Amino acid sequence: MKDVSVQVIHSKGVGVINEDVPLVIGNTFAAFDGVTSLVGYKNAHGETGGRIAARLAAETFAKGEGYLRARALHANTAIRHAMEKVGVNLSAEDHKENRWGAVCAAVELHEDTFDVLTIGDSFVLGITADHWGMGELLTPYVNLDIKTLRRCKELADARVRNINQQLRPHILKVRNQANEAYGVLNGDPNVSGFIQTNTRNIRDFQSLLIFTDGFLIPHEDPDAEEEWDLMVRLYKEGGLKAVLSEIRAREQTDPNCWHFPRVKVGDDATAIAIDFLP
């Protein structure tokens, strides 16, 4: 495996606990974003369902058994078994808010190539090795929250306070589309149709950024493209810390979510950067 340097950011948002879990072990690098059940489950250790799901997924990936896709399916089964063990109702297909879940982005490095896996709205952004050093998203972009964010902008334009409370019907609707419109590791075997993978040559990239959606830079228009160029520029200037500083600065200047439409004031943000050394 080519020599690399690695950075990790793991920053809690406004929630009580950080439901993201980063993983760096051997040649595997991954970021897991917990999707909490909307019925408020917590275990004896204070972990939410989303945190448990993200942790179980990370533990499964860490075992290194099989290709990334196989590990994702094993993780999905582990999450299902954990929910069954404590009596979570998995039978109501129109009430998927009961389920715990996790989305993720993962990379496995090999001698000359690397494998990429993403599920849901987690991302792997490559920075090309040519003189342009541009950002290239390595699996198709999945924006789970676009309809919710459009409604958020409508509420923001009307200067509605406590936007998150008004968005609950939209959040519920999106949650019930899990593994029908987008993928989530939530114990549903249909997730197998929503696992995105790719294999690329290491020589084509100088860096890889692996991150959860909380590491996306907030912007004004929900329908606009993500600011990949800005993320790349900030990373080149100051690493992951510079990107996170920009994210938190925008959040802090907009506590009502009126200028930068978003579901919560500040989300958990996890990112792993891999720089390929000469």
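# Salt bridges and cores, reasoned out

Modeller: Let me start with Glu237, which counts as exposed at 56% relative accessibility. Bear in mind that this is a predicted model.

Biologist: What makes Glu237 count as exposed?

Modeller: Exposed asks for over 50% relative accessible area. Glu237 has 56%, so the label fits.

Biologist: And why does Arg233 count as partly exposed?

Modeller: Its relative accessibility is 43%. Partly exposed covers the range between under 20% and over 50%, so Arg233 belongs there.

Biologist: How do you know that Arg233 forms a salt bridge with Glu237?

Modeller: The closest N and O atoms of Arg233 and Glu237 are 3.2 Å apart. The limit is 4 Å, so the pair qualifies. Both residues lie in helix H6 (residues 228–252), 4 residues apart, about one turn of the helix.

Biologist: Why can such side chains pair at all?

Modeller: Opposite charges can pair when the charged atoms come close.

Biologist: What makes Arg55 and Glu47 a salt bridge?

Modeller: Their N to O distance is 2.8 Å, and the cut-off is within 4 Å, so the pair counts. Arg55 is partly exposed at 26%, whereas Glu47 is buried at 13% because that value is under 20%. Both belong to a network of salt bridges that links Glu47, Arg51, Arg55 and Glu59.

Biologist: How do you know that Glu180 forms a salt bridge with Lys96?

Modeller: Their closest N and O atoms are 3.0 Å apart, which is within 4 Å, so the rule is met. Glu180 sits in the loop between helix H5 (168–175) and strand S8 (196–201), and Lys96 in the loop between helix H2 (68–85) and strand S4 (101–109), so the pair ties together parts 84 residues apart in sequence.

Biologist: Is each partner there buried or exposed?

Modeller: Glu180 is exposed, at 54%, and Lys96 is buried, at 3%. By the salt-bridge rule, the count comes to 16.

Biologist: Which residues have the most contacts inside the largest nonpolar core?

Modeller: They are Phe32, Phe61, Leu117, Ile119 and Leu185, in a core of 28 residues. Elements giving two or more residues to this core include strand S3 (28–35), helix H1 (49–62) and strand S5 (113–119). H1 gives the most, with 7 residues. Apart from this core lies another, of 22 residues, among them Ile127, Phe215, Met231 and Leu240.

Biologist: What does Ile119 touch?

Modeller: Leaving aside residues up to four places away in sequence, Ile119 touches residues including Ala72, Val103, Leu185 and Phe194.

Technical notes
Residues are numbered from 1 along each chain as its sequence is written. This is a predicted model: local features need pLDDT of at least 70, side-chain atom pairs count only at pLDDT 80 or more; totals for chains, interfaces and linings use all residues. Side-chain values use heavy atoms; hydrogens and water are left out. A salt bridge is a side-chain nitrogen of Lys or Arg within 4 Å of a carboxyl oxygen of Asp or Glu. Buried means under 20% relative accessible area, exposed over 50%, partly exposed in between (1.4 Å probe, protein chains only). A nonpolar core is a set of buried Ala, Val, Leu, Ile, Met, Phe, Trp, Tyr and Cys residues joined through side-chain atoms within 4.5 Å. Contact means heavy atoms within 4.5 Å.
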